[in-house]
Amino acid sequence: MTKSIVFCFFVILIVSASSENPTPTPSAVHAELKNFGLPIGLLPSTTVLNYNINQTSGDFSVNLGGACKITLPPDNYLATYSKIITGNIDQGRIAKLDGIRVRAFFKWWSITGIKSSGDNLVFEVGGITVKYPSKNFDEVLACQGKHSAS
């Protein structure tokens, strides 16, 4: 009898865990990234309250509705997304980026720009650039944990 209770508990745990993390669905703002020649996985899957892109200047803002944490591929760096992300977008490039930070080498670094370069993405972090295959960002990642309102 005890074994069947434990088995039922594990089945319920597995079912509830799978329903908490459904497959992330791209939103309209993810489609905008694709229109600018950038992979959709640069933004997490969240409830985007609104976004605005000035088609003339390229200035944009995205309101995620709350802060978000994800683990970035391929090196599993922890990244945080602020409630509001701003920058300037052009074909294959995001400049003046504000609102995305990554933890590396025991320190938090702001990602200030992203550029598409062939099959790679070049991230500007501090005064340096780091290159990763763009295919690592082809899928939208879900936020880890609960969305915060800050």
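Which residues lie nearest the centre of the largest cavity? Keep that in mind as you open the model, which is predicted.

**Stop 1: the largest cavity**

Select Leu33, Leu43, Phe60, Val62 and Ile94. These lie nearest the centre of the largest cavity, among the 15 residues that line it. Its volume is about 150 Å³. Now colour by element of secondary structure. Helix α2 (28–35) gives two or more residues to this lining, and so do strands β1 (50–53), β2 (59–63), β4 (77–90) and β5 (93–104). Next, colour the lining by class. You should find 14 nonpolar residues, one charged and no polar.

**Stop 2: the second largest cavity**

A search of the whole structure gives two cavities of 30 Å³ or more. For the second largest, select Gly41, Leu42, Leu72, Tyr81, Ile100, Ile111, Ile114, Phe123 and Phe137, which line it. The volume here is about 50 Å³. By class, this lining has eight nonpolar residues, one polar and no charged.

**Stop 3: the disulfide**

Select cysteine 68 and cysteine 143. Their sulfur atoms sit 1.9 Å apart and form a disulfide. The whole structure holds one such bond. Which parts does the pair tie together? Cysteine 68 belongs to strand β3 (residues 68–72), while cysteine 143 is in the segment after β8 (128–133), so the link joins parts 75 residues apart in sequence.

Turn the view to look along the S-S bond. The torsion about the bond between cysteine 68 and cysteine 143 is about -115°, so this disulfide is left-handed. Finally, show the surface. Are the two cysteines buried or exposed? Both cysteine 68 and cysteine 143 are buried.

Methods: Residues numbered from 1 in each chain as written. Predicted model: local features only at pLDDT ≥ 70, side-chain atom pairs only at ≥ 80, totals over all residues. Heavy atoms only, no water. Disulfide = S-S within 2.5 Å. Helix = DSSP H or I, 4+ residues; strand = E, 2+ residues; numbered from the N terminus. Buried < 20%, exposed > 50% of the residue type's maximum accessible area, 1.4 Å probe, protein only. 1 Å grid on protein atoms, 1.4 Å probe; cavity = no way out; pocket = protein on both sides within 12 Å on 5 of 7 lines; lining within 4 Å. Points joined across faces, edges and corners; volume = space filled by probe spheres on them. Nonpolar A, V, L, I, M, F, W, Y, C, P; charged D, E, K, R; others polar.
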